[in-house]
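Work through the exercises below with the structure in view. Each task is followed by a solution in steps.

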Amino acid sequence: MAIGKWNPFTQQVPVTQDIALPTTPVPIPCPDGKQFGFENFGNTCYANSVLQALYFCVPFRELVINHPDPYAPLYQALSSQFVPAGTAASTNPPIPPRRKSERRPTLDSSTPNGASVAPAPPIPSSPRTLFSALRSLYIHIAQNPADKGTVAPRAFIEKLREVNEAFRSTMHQDAHEFLNYLLNRIVEEMQEERKNRSASVEDRASVNSSSDASQSLIGGSSTSASHSSGSTFIHQIFEGTLTSETRCLTCENVSSRDESFLDLSIDIEQNSSVTACLRQFSASEMLCQRNKFFCDACCGLQEAEKRMKIKQLPNVLALHLKRFKYQEDVQKYIKLTYRVAFPFELRLFNTIDDVSNPDRLYKLFAIVVHIGSGPNHGHYVSIIKTMDAWLVFDDDAVDTIKESDIPKYFGESNSGSAYVLYYQ
């Protein structure tokens, strides 16, 4: 599939021009067929597992790659000074790899028979934004002439630590928290980019146009500026809407409050299933005694019934199983190694009556697994379905796995416990 031709949401996605094309045409490899492991820089398995899962989320990967990068000219100017990924100089302290890679470097520009091919697009060592760092990493993999290898996401990790001090320590990090931060950070950077572009348009309009024409252009820009605070392709892919419905048991008045989400977190129970957990998520809750509800219609506290439903289904569902819980008796967080069965195909039944496309069928394509007995230590791997095969990405190691072996990640085993499920 050619990069930039696929359009998941029937909208025009501009193709970026920041990567120089080779003078001799070469076949564009299939991005879905790539099996590149990521080096671990001491404690970065939480990021490696999520980055792999998001790479194989096809609409996300292709919209990231095809998003125009305003800093592309700067990268091209510095391309002559490029140092291969994993050895680039940086103003940050050097990050030592956890273990030495056993795979062939991805920048090897020769094929086994000695024929020369175009090298993989370089990864800039000093990306301006976290989104730029992610974009260059995905382009490097998707347009790599090789199908297997190891990539050092050094530039991305250094940028992550630069913009968020929470990820600078050597302590164990949470993969779900990283996913949530990454998606929201991309949204912020895209909206800031739109704002700057709108301001630039207004500045040019005020200098080059007459008073009336300037007023017209500024009016158009202000519409664009207001749009800058609106949705991005992150919202188009991952955003859903929850509605909390509360029914007063005295007057039967129903009030509702909407809340958007990019990933859905659900409580889990021992020997249960994702379907059962979703049913419990939307179960009715009685508000009585000290928890009475203030009814606006009754103008007072009343007993009420409350329940949570899904009002808008996301295109891609990131389902977070809440495996880490604060235990009062020991006064610390513990891991719930409960066995929670998850289906390969899922329909969300806990929706409002008039939800759009209520019979939408979700198919599992990625699983982030936590291995370990507690929340403050352990290891993350990702299990990905691509090209009709399941693969385990364990940092720089990539291996195949039978679909029949995946249930061992339901929990209660040394293999690990599914932590974040990705359905599309």
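**Exercise 1: the lining of a pocket**

Task: State which helix and which strand each supply at least two residues of the lining of the second largest pocket, then describe this pocket further.

Solution. The model is predicted. Step one: helix H6 (175-208) and strand E12 (324-327) are the elements that each give at least two lining residues. Step two: the space in the second largest pocket is about 440 Å³. Its lining has 18 residues, and those closest to the centre are Asp174, Phe324, Lys325, Tyr333 and Tyr419. Step three: sorted by kind, the lining residues of this pocket are seven nonpolar, five polar and six charged.

**Exercise 2: a residue of helix H6**

Task: Decide whether Glu193 is buried or exposed, and find the partner of its side chain in a polar contact.

Solution. Step one: Glu193 is located in helix H6. Step two: the relative accessible area of Glu193 is 14%. Buried means under 20%, so Glu193 counts as buried. Step three: the side chain of Glu193 makes a polar contact of 2.6 Å with the side chain of Arg197.

**Exercise 3: the whole chain**

Task: Describe the chain by its elements, its burial, its surface and its contacts.

Solution. Step one: nine helices and 20 strands make up the elements of the chain. Step two: the chain has 424 residues, and 46% of them count as buried. Step three: the accessible surface is about 21,400 Å², with 49% of this belonging to carbon and sulfur atoms. Step four: take the contacts between residues at least 6 apart in sequence; 72% of these join residues at least 24 apart.

Definitions and conventions: Residues numbered from 1 in each chain as written. Predicted model: local features only at pLDDT ≥ 70, side-chain atom pairs only at ≥ 80, totals over all residues. Heavy atoms only, no water. 1 Å grid on protein atoms, 1.4 Å probe; cavity = no way out; pocket = protein on both sides within 12 Å on 5 of 7 lines; lining within 4 Å. Points joined across faces, edges and corners; volume = space filled by probe spheres on them. Helix = DSSP H or I, 4+ residues; strand = E, 2+ residues; numbered from the N terminus. Nonpolar A, V, L, I, M, F, W, Y, C, P; charged D, E, K, R; others polar. Buried < 20%, exposed > 50% of the residue type's maximum accessible area, 1.4 Å probe, protein only. Contact = heavy atoms within 4.5 Å. Areas by Shrake-Rupley, 256 points an atom, 1.4 Å probe, with all protein chains shown as cover. Polar contact = N/O pair within 3.5 Å; in protein donor to acceptor, adjacent residues only side chain to side chain.
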